There are 6 protein chains.
Amino acid sequence: MPFPDLSPDVVAEYRSDARAPEDFDAFWSGTLAGARGDLGLTVTPVEDGPVFQVSDVSYRGFGGHEVKGWLIAPPGASSVVVKFIGYNGGRSFAHEHLFWPSTGRAVLVMDTRGQGSGWAPGATPDPVGSDPAHAGFMTRGILRREDYFYRRVFTDAVRAVEAAFTLYPRVAVAGGSQGGGISLAVAGLVPGLSAVMPDVPYLCDFWRGVTVATRDPYLEIARYLAVHRGAEEAVFRTLSYFDGVHFAARATAPALFSVGIMDTICPPSTVYGAYNAYAAPKQMARYTFNDHEGGGPFQEMRQKDWLAGVMPA
Amino acid sequence: MPFPDLSPDVVAEYRSDARAPEDFDAFWSGTLAGARGDLGLTVTPVEDGPVFQVSDVSYRGFGGHEVKGWLIAPPGASSVVVKFIGYNGGRSFAHEHLFWPSTGRAVLVMDTRGQGSGWAPGATPDPVGSDPAHAGFMTRGILRREDYFYRRVFTDAVRAVEAAFTLYPRVAVAGGSQGGGISLAVAGLVPGLSAVMPDVPYLCDFWRGVTVATRDPYLEIARYLAVHRGAEEAVFRTLSYFDGVHFAARATAPALFSVGIMDTICPPSTVYGAYNAYAAPKQMARYTFNDHEGGGPFQEMRQKDWLAGVMPA
Amino acid sequence: MPFPDLSPDVVAEYRSDARAPEDFDAFWSGTLAGARGDLGLTVTPVEDGPVFQVSDVSYRGFGGHEVKGWLIAPPGASSVVVKFIGYNGGRSFAHEHLFWPSTGRAVLVMDTRGQGSGWAPGATPDPVGSDPAHAGFMTRGILRREDYFYRRVFTDAVRAVEAAFTLYPRVAVAGGSQGGGISLAVAGLVPGLSAVMPDVPYLCDFWRGVTVATRDPYLEIARYLAVHRGAEEAVFRTLSYFDGVHFAARATAPALFSVGIMDTICPPSTVYGAYNAYAAPKQMARYTFNDHEGGGPFQEMRQKDWLAGVMPA
Amino acid sequence: MPFPDLSPDVVAEYRSDARAPEDFDAFWSGTLAGARGDLGLTVTPVEDGPVFQVSDVSYRGFGGHEVKGWLIAPPGASSVVVKFIGYNGGRSFAHEHLFWPSTGRAVLVMDTRGQGSGWAPGATPDPVGSDPAHAGFMTRGILRREDYFYRRVFTDAVRAVEAAFTLYPRVAVAGGSQGGGISLAVAGLVPGLSAVMPDVPYLCDFWRGVTVATRDPYLEIARYLAVHRGAEEAVFRTLSYFDGVHFAARATAPALFSVGIMDTICPPSTVYGAYNAYAAPKQMARYTFNDHEGGGPFQEMRQKDWLAGVMPA
Amino acid sequence: MPFPDLSPDVVAEYRSDARAPEDFDAFWSGTLAGARGDLGLTVTPVEDGPVFQVSDVSYRGFGGHEVKGWLIAPPGASSVVVKFIGYNGGRSFAHEHLFWPSTGRAVLVMDTRGQGSGWAPGATPDPVGSDPAHAGFMTRGILRREDYFYRRVFTDAVRAVEAAFTLYPRVAVAGGSQGGGISLAVAGLVPGLSAVMPDVPYLCDFWRGVTVATRDPYLEIARYLAVHRGAEEAVFRTLSYFDGVHFAARATAPALFSVGIMDTICPPSTVYGAYNAYAAPKQMARYTFNDHEGGGPFQEMRQKDWLAGVMPA
Amino acid sequence: MPFPDLSPDVVAEYRSDARAPEDFDAFWSGTLAGARGDLGLTVTPVEDGPVFQVSDVSYRGFGGHEVKGWLIAPPGASSVVVKFIGYNGGRSFAHEHLFWPSTGRAVLVMDTRGQGSGWAPGATPDPVGSDPAHAGFMTRGILRREDYFYRRVFTDAVRAVEAAFTLYPRVAVAGGSQGGGISLAVAGLVPGLSAVMPDVPYLCDFWRGVTVATRDPYLEIARYLAVHRGAEEAVFRTLSYFDGVHFAARATAPALFSVGIMDTICPPSTVYGAYNAYAAPKQMARYTFNDHEGGGPFQEMRQKDWLAGVMPA
């Protein structure tokens, strides 16, 4: 099976030439300023199990819209991992998120607005409509940065971390694929995190992602451009405000990344593009013969060991 | 190639057992009442070509949202065909809609809100967000009839016909696939049409469509239900307010349908389900060895001949 | 999407016409007698986590061959679920099996011999070779019941339950797909179980499975027969000793099954074939629009509730 | 989606190293000399519509064989676009060719002999048989230049232009894919054209087309060579007489090309190969994210504007 | 894998309701009368091997066109099997036809005109052109029985048998797929054959073939009809003169058929349609789990045994 | 169709950088020493045909396990070709191996242990089990060289040649794909062969094969490594004892190779890797437009001619 991106010999050296727009920071500080205010956080115990306590979480995200989540806590937890979900999935059931609780930490799972009907059910609407968009979420509002779908999602995520800090003194963020991309955004926008764990992260180095990936969802953008001939400049201008490479360059917390060298959804060069830009201490776990499944449970084992060093349970 | 639905010997006899909810008419009269008011119609000439006059059209659809369209008129036209677009397409360019103008009639092309990025570009946003939905439009707001995507689209279509009547005394409606489904909705909601021409119509007899079709977009609903286990009753309850079979049963204008007996997107039984329920004079053009392309240009020839009899140019 | 098996209206009535060979019970009592003897059970703690205790398990299965497993136990557990794995998977890591421990019960995960390289790693060899066999496990030794691969696997499973009873007074069995098929075998061979939970079980009603399924692994048998023209009688004779329908007819413990009505790997009629033959109290959880993923986490929720009634934590 | 040919940064620089055989011009002057003589042109009005006049056209092409076409003319047209059809299609119905008439020009659509059963019906037989050939038209007579299918087609096309000049003083040629390739052949063989508009042209730089394209029909040649091992030299010798690169080098009329940078049927380098060889004034319309659909209606808009400058309606 | 046609329980009872046109026999006697005359047979030894003598064969087929073949003879052969080739293949090399020679009989392999570029090379042109036809051979000349491709092929085959009788006193015919269909045609047109061996024969019960097969080449006809809407009656009228069912009903020599019950190219019901119509002594070899590969070498073994009884070497 | 490996211009220059382990020869001399002893050869005539004599062959291979084969001999043969079978196939029927007998030589066909259920039936069990392995044979025992499947197969092959020498004074070896790989192993392990004919050989330059091939079975190894993350070094260490490149470097007999430049199963660079390492006189037959079918019957013709020079019949 040919490597679908750069050869394993050289891919680790890849540096993205994506450039952040000059007003990148201003855009995000403005966006987050607009989202500040009462979190409206509610944490409602739904089940006091024999081992873990499970709570239904609600808070106000972008635009004051209600965002849902799960909080699953082992007895005596003093730290929390905020977990973001992969593309098209929702928070589903709490019992699907037991790994971090089994290590002695709480987990706060953020539901991704509007998604949650592709492979795992969600409970959070996205009340905002859009210009004509390709099926999926990648091109919703893509012609203007203010309207872009991920502006809302990344803001929701920053607010989730804000909520986490109200519950526990130490907070890490983690997620795979889109969840990894959201983790990176948060890492670049929020100070004081204990750790960042992006697995096979999506939403990094968009031009390369769109022109190297052979499976969705980067390709939603390519198909949109095939219909909207001439929109290329506007589209990539918008995306430049949402690129994990630029968030990585603003990160301050230690990170453990992972990458599949045969990843056809999130090409390894895009992952290294973010990794090599990452501005804080970092490690990469690399899986040579893996596609987008990356390290799977092997990576969880590695995260457990690594996190013990930077954010003990 | 096996026939993907009932055998050609018997499919024409198929009658849908879909039942309209008791308050079907109340729901729609309420919906349309809410959409009444100033059309805000503007018809802006964009090009005075050597043969046709092309205008950019705008009017207020559901919720007062702006809907776009094209009006292409030959010299001296005294009637108009309102044309609805297939799933995921937009109004694209005016020069792609020359058939009806070449027959001496104007054509008013309605842009479908939110779509127009799948294969043909559109210009009309859908400013309404939704609960978690499967990629595509079929499940947006599907848990409540008030929120369902097609409530907005069908209302836009009724308003498009209203606009057409302000421009020409005689109005026909036409469209293929989703455009055919919209035509049927209009046929059941608007009196006084001269003709209705649904080709391989979509959005008819949903249960059968979802469980017989082998290609999208009916299957978006099946995939949604695979994720939202338990939502089946709510989903089909909502859909019962949008079923072409029930609109057909309320139609008053003469109709020419077409059907592909090998249609894997809009199975022929669903088309006959609407056809056999159609309450006004009707004809069916049947294409035995065709999939969803149906009669293609053969059907246009047939429509031209048939329309000459019911709405002369 | 057409239902790939009998219509949802009638599939629940399906009764298999598979007939057990006369010496079915003799074959299995002989097989199990040959496997009796010292279990050689070892339970080696590998990690004393903050929440669960994890142990590496080893015991002697068929032929005295070493079989591996995981035991994950919450504090104070007094019952255990023995879990069997799906086709081609291995026990992988302990932290992938936290659901039952989170309900307050121990889980004992049996590694499937020889598998564990298809999607999850395993640690148990199958030291027995075979006649020419199709790639995969379904046709290894299929020409003689004594040599058939599942004779060894089912015996390993009976021994796993035996091991479980040495550790806890109450034992349930569970598993999805192949794991469900193994659960049924155990249910028919071992008395005294508290509960049986086969999800979308495989290895039931082989003739129907082979001639209705459209995805592997039942089709390995069809492809074998396409090469070994003339082996049909011998093959189905062997399989008649391994059919979940016959094990179900000998079961004595209460059971909760699940089925996907669109299952293309384990067709729903084969599941109902076993279910309707099941000789003890039983319930069926049915997922109309699901393929082989069945109920997924919804079914886990349902199992948790149901098991609380028959084997409290 | 990876670019299937050279990177967009460099593809525009590509120059074909295909070399015309020394007797290329002699071959074609001989061929055309043999085809001269009475055109036998008939133009039979079939419909005098409210807007356009449609005529059935017939003339003598290669070997004196009858070739069919449509002539669609707006009132007062003084120029004509001769349109050639894509691979496997026929002239179909006249109402499918309204674009050029809507700009005030006549269009003469040439039916491609023998084709017209793949996606659009045709009416022109190819009465000439062939040596064993792969399914399709690409290898019919490919072992000898005199027998090759496109010798007949290109000659038919030259004769179509000859017919066009008998009807209107100014003539342009256009076509997509195979139609673009035929346009180029005509551009190299016929003097006095007003304009040439090849879209995503086929039949250019055969070696590169055969070894870069991933979709038919260039691959018919590769499959032929896989069967006829050893025929490579003879095959490419024949093709060297039919290569758009060589016709381009002999062109005299201004041209507007288009290219899809993701074209998997007619790879962009082959298009640039012809473009960069084109000997007269030229422009290229480039669509970065498009496959073989190229610019679609966007390109028609551009052609309308461009043609207004070189052949006003 | 579901059986792609009727269930194995009932398929053997299938009787075709295809009806021969009244002038079927007249059409064929006229056709063959037109082909009579000097065979122009040449048998040129090309290699006198250590075991077999191989000759290049040439004779005049339909229209007096030259048809090629191989004759491979063991020492002392006194009978010959005339072998016809599957769709799109040619006679290829003599050493690919050693099975019958190894049984002590000569084999005369007829090259199929025009084919021989799909998977095995051929050497016989088809000098006759056609109306617009779908890629492939199934629709060449299909609108008129006089022009249909198989009129020429079946005539070539009758002439091949005529040639065989000039070389050996006893002649059998055999072939798989298209070769089986040709065998049946010959069986119905030529008296005095010793044996007929059609394997998984093609060209039988066309309506059923076209509407049951899921793989080419029957589907070429369906695709042609999808383009040429309205040609259905003419097409099936032509095919009624070429249906193996009708040739079978006129056969006089003993036959051994074979059938794959999972055949998706030549559905088993079409094979039984011909078999049950076969008018002379017959046997069927049936392969339940095989697709179009049928019995493969198993069937050759069976043919060897059977032929020993009806045409000893 | 793009060339799936290096360009045809440079691929012939490819030299593998695979390095044999230091104890490669020791490993194999030890292995073969362990396999020495009574061959237990039996040659049982099963059919004395009119042309060839066919015998069922049995001998003791690796571990003393019985291996089956066919011997097909023309009258008076004084040399033999030992033929090895492609992946997943078995010896099938004797009449499928008539090519070499038709040239006046005997052929001894070795059945491949355990295989023979993928496309051609076999009769030789592999009585040795394995660690968890991916479906197929490529990863059976792959973690330790002593356990690896091909250690047994190559030893069986050496023993087959030993058997051949007891029957005839001159012995050649041949085979396609896996059969070609086995031929190379034998060429490196057995002195005194007259000729070696590996067609599109498999099992050469494993790293490159695994990372260039796009179709199985090299990819079984990639999929195994995707599950067994971390096993890469151990796996390629084992494979280094079984690499055709290293056997080629030890060969002493003249060889005729063949290669398909579009081979997606055994990439041409891997074939040239072995070829360029081959230490004895050699020729390469190259098929530019062929995938894994390579030269097919063209190559048989070439082998016949070539073998006449080095091992006359």
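This text walks through how some chains of the model are related and how two of them meet. The structure is a predicted model.

Start with chains A and B. Turn chain A by 180° and it superposes on chain B, with an RMSD of 0.0 Å. The shift along the rotation axis is 0.0 Å. That relation is the one a two-fold axis gives. To find the axis from chain A, look for Gly129(A). Its C-alpha is the nearest one in chain A, 2.1 Å from the axis.

Now look at the surface that these two copies share. Of the interface residues of chain A, 100% are also interface residues in chain B. The copies therefore meet through the same surface.

Next, move to chains F and D. Here 12 residues of chain F are in contact with 14 residues of chain D. How much area do the two chains bury between them? The value is about 1000 Å². Carbon and sulfur atoms account for 65% of it.

Three residues stand out on the chain F side. Met1(F), Phe289(F) and Phe298(F) supply 59% of the area that chain F buries against chain D. No other three residues supply more.

What classes of residue does chain F bring to chain D? The side that touches chain D has six nonpolar residues, five polar ones and one charged one.

Finally, check the pairings across this interface. Between chain F and chain D there are zero salt bridges. Polar contacts do occur: five residue pairs are counted, with both residues at pLDDT 80 or more.

Methods
Residues are numbered from 1 along each chain as its sequence is written. Chains are lettered from A and ligands numbered from 1 in the order in which they are written. This is a predicted model: local features need pLDDT of at least 70, side-chain atom pairs count only at pLDDT 80 or more; totals for chains, interfaces and linings use all residues. Side-chain values use heavy atoms; hydrogens and water are left out. Copies are superposed by least squares on the C-alpha atoms of residues with pLDDT of at least 70 in both. Contact means heavy atoms within 4.5 Å. Buried area is the accessible area (1.4 Å probe) that two parts lose on being put together, summed over both. A salt bridge is a side-chain nitrogen of Lys or Arg within 4 Å of a carboxyl oxygen of Asp or Glu. A polar contact is a pair of N or O atoms within 3.5 Å; within protein, one must be able to donate a hydrogen and the other to accept it, and residues adjacent in sequence count only if both atoms are side-chain atoms. Ala, Val, Leu, Ile, Met, Phe, Trp, Tyr, Cys and Pro count as nonpolar, Asp, Glu, Lys and Arg as charged, and the others, Gly among them, as polar.
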